Amino acid sequence: MKNLRWLWLLVTLGVLAEGFRVAMFVVPPDAAQGDVQRIFYYHFASWCGMGLFYLINLLGSVAYLAWRNSKPATALKADSLAVTSAEIGVVFCTVGLVTGSLWGRAVWGIWWTWDPRLTSTFVLWLIYIAYLLLRRLAAGPQMRTLAAVMAIFGYVDVPIVYMSTRWWRTQHPQPVFFGGPNSGIASSMMPAVWWNMAGWMMWGIWVASLRYQSIHNEQLAEEEDTRQSLETAL
Amino acid sequence: MKRPYVLVHLAKDLRIEWRSKDAANAMLFFALLVVAIFSLAFDPTDPGLHKFTGAILCVAIMFAAVSSLNQVWARELQNQVLDAQRMTNAGANDLFIGKVLANFLFLTIVEIILAPFFVIFYNLRVVGNAWTLAVIIPLGTWALVVNGVFFAALSIRTRSRELLLPLILLPIFIPALLAMVVSTSAVITGASDPGIWIKMLAVYDIIFTTVCLLLFDTVLHAEG
C-alpha cells in the first residue's frame, strides 16, 4: 500500500510537470487574451477537482446516513471519506477562486465582481467551511449524522451554481462543456486542459488517501476510547 | 373528529406564543432597531438611498428572524419535551411543519407591523408594482424560516449553538437573500422586472422545503 502510494505520487508529479510544460510552452496563446489565458488550465482543473470531491463528499455522507445503523464500520469509513473530500474540495475551491480572481484582474480589470457564478461559487466555499466548522463544534457520534445532513444541503446548492450561468445574465465566460455554440475552447488547447486536469485530480486523490488514513485512524481511536471508558464504567 | 398532528403542533406553538409573546416581541423590537440603526448610519434624505431600501428591509428581517430562530427549539429542551415528542405517534415532519408555519406567521406579523415604520423612516415610494412585494416577501420569509427551523434543530445539541446557527444558516440562505434583495429593489425602484428572481425564489423554496422534509426525521433522531 505504502509503495503504491509513493509510485502514485511519482506518476502524479510527472503528469503535473508535463501539464505545466504543455500549458506554458506547447499550446498557442489565446487569440484575444494572450498568455494570461494560460491560468485557465489551472482554474479549470481546480473546478473539476472541486466538483469531484464535493460529489464524493455527498456520496460519503449519504452512505453514512444509509449504513450508520446496519453497518457501523463501513459507515465510519464513509464518514472519513466525506470529511476528507470536503477538506480537499475546499482547497480546490480556494485555488479556483484565487486563479479566477487573478485572471479577472488581468482581463476584466477587477479582482472580483458579484457576478452570479462567482457569487454562487463563493457561497459554495462558505457552505463547505460551515460544514467543517459544524464538525468541530458538534460533539459526540451524532455529529457525523448532523454533518452528513449538512453535506446534502451543501450539495443541493451545486446545481444552482451550475445553472446560475443560464438563469442569470453573467459576465463569466460560457462553460467549457455543454456551453452551447460559440463557447468552449479551441481544440489546439485541449492537451493542456487534459494533462492538467488529470494531474491535479491525481494530486487530489493522493492527498485524500493520506488524509483519509489519518482521519479514519483518529475515528477508530475515538471509538476505542469510548469503548474502554464504557467498560471501566461497568 | 381528530385533528391532524400538524395542526395540533401549530395550535400548541401559537397558543404558547399568544400567552408569552416572547418571539414576536423580541423579533419586532430587534427588526425595528436594525431599521433605525441603518436609518441613522445612512442619510435617509439622500435620494441615492432609494436603491438600497429593499436590501435594508431584507437584512433587517433576516437578522430579526435569526435572533429568534435560535430560541425555536429551546422551549422543547426544557423537561425533555423534545424526547417526549420523539416518542409520540406524530411524525417528525408534522412537528417540523407545525413549527415552520407558526414561525412563518410570527415573522409575517412582524413584517406587517414593520412596514409603516419603514415607509416613514426611509421616505419610501414604491415605483414598481407594490403588490408584487406581497409575493416576494412571503417567499423570502418562507425560505428563511424553513431553513432556519431546520438548522436550529440541527444545531440544538451542539456546543455554542447560538453561534453555530447563523454560521450554517446564512451560507445556505445567501442565494435566497440575493433573489429577495434584487427583486425587492427591482419593485421599489421600478427599474427592472423582478420576474426571474421571483421564480428563482420559488424554486429555492420548493427545493429546500423538500430537502428539509426528507431529512428532518434523521436530524430529530440523531444520536449516533
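Visitor: Which helices of chain A are included in what covers the buried residues of α6(A)?
Guide: This is a predicted model: local features need pLDDT of at least 70, side-chain atom pairs count only at pLDDT 80 or more, and totals for chains, interfaces and linings use all residues. Residues are numbered from 1 along each chain as its sequence is written, while chains are lettered from A and ligands numbered from 1 in the order in which they are written. Helices are DSSP runs (H or I, at least four residues; strands are E, at least two), numbered from the N terminus. The cover of α6(A) includes α1, α2 (40-67) and α3 (72-107) of chain A.

Visitor: Which residues of α6(A) are buried?
Guide: A residue is buried if 20 or more other C-beta atoms, placed from the backbone, lie within 10 Å of its own; it is exposed at 12 or fewer, and partly exposed in between. In α6(A) the buried residues are Ala192(A), Val193(A), Trp195(A), Asn196(A), Met197(A), Gly199(A), Trp200(A), Trp203(A) and Gly204(A).

Visitor: How far apart are the end C-alpha atoms of helix α6 of chain A?
Guide: The expected span is 1.5 Å times one less than the number of residues. For the 44 residues of α6 (190-233), that should be 64 Å. The model agrees, with the ends at 63 Å.

Visitor: Is Glu218(A) buried or exposed?
Guide: Glu218(A) belongs to helix α6 of chain A. Its surroundings hold 11 other C-beta atoms within 10 Å, so Glu218(A) is exposed.

Visitor: What separates the C-alpha atoms of Glu218(A) and Ser80(A)?
Guide: Along the chain, these two residues are 138 residues apart. In space, their C-alpha atoms are separated by 9.5 Å.

Visitor: Where do Met24(A) and Arg68(A) stand, C-alpha to C-alpha?
Guide: Met24(A) sits in helix α1 (residues 2-26) of chain A. Met24(A) is exposed because 12 other C-beta atoms lie within 10 Å. Its sequence separation from Arg68(A) is 44 residues, and the distance in space is 48 Å.

Visitor: How many helices does chain A have?
Guide: Along the sequence the pattern reads α-α-α-α-α-α. There are zero strands, and the helix count is six.

Visitor: Which element gives the most to the side of chain A that touches chain B?
Guide: Contact requires C-beta atoms, placed from the backbone, within 7 Å. By that rule, 23 residues of chain A are in contact with 23 residues of chain B. Two elements of chain A, α4 (116-137) and α5 (142-167), give two or more residues each to that side. The most, 10 residues, come from α5(A).

Visitor: How many residues of that side of chain A are nonpolar?
Guide: Ala, Val, Leu, Ile, Met, Phe, Trp, Tyr, Cys and Pro count as nonpolar, Asp, Glu, Lys and Arg as charged, and the others, Gly among them, as polar. The side that touches chain B has no charged residues and four polar ones, and its nonpolar residues number 19.

Visitor: Which residues is Ala31(B) in contact with, leaving aside neighbours within four places in sequence?
Guide: A nonpolar core joins buried Ala, Val, Leu, Ile, Met, Phe, Trp, Tyr and Cys residues through C-beta atoms within 7 Å. Ala31(B) is one of the residues with the most contacts inside the largest core, which has 123 residues. Sequence neighbours aside, Ala31(B) touches Ala60(B), Ile61(B), Ala64(B), Val110(B) and Leu114(B).

Visitor: What is the mean pLDDT of chain B?
Guide: pLDDT is the predictor's confidence in each residue, from 0 to 100. In chain B, 98% of residues reach 70 or more, and the mean is 85.

Note on methods: Two residues are in contact if their C-beta atoms, placed from the backbone, lie within 7 Å.
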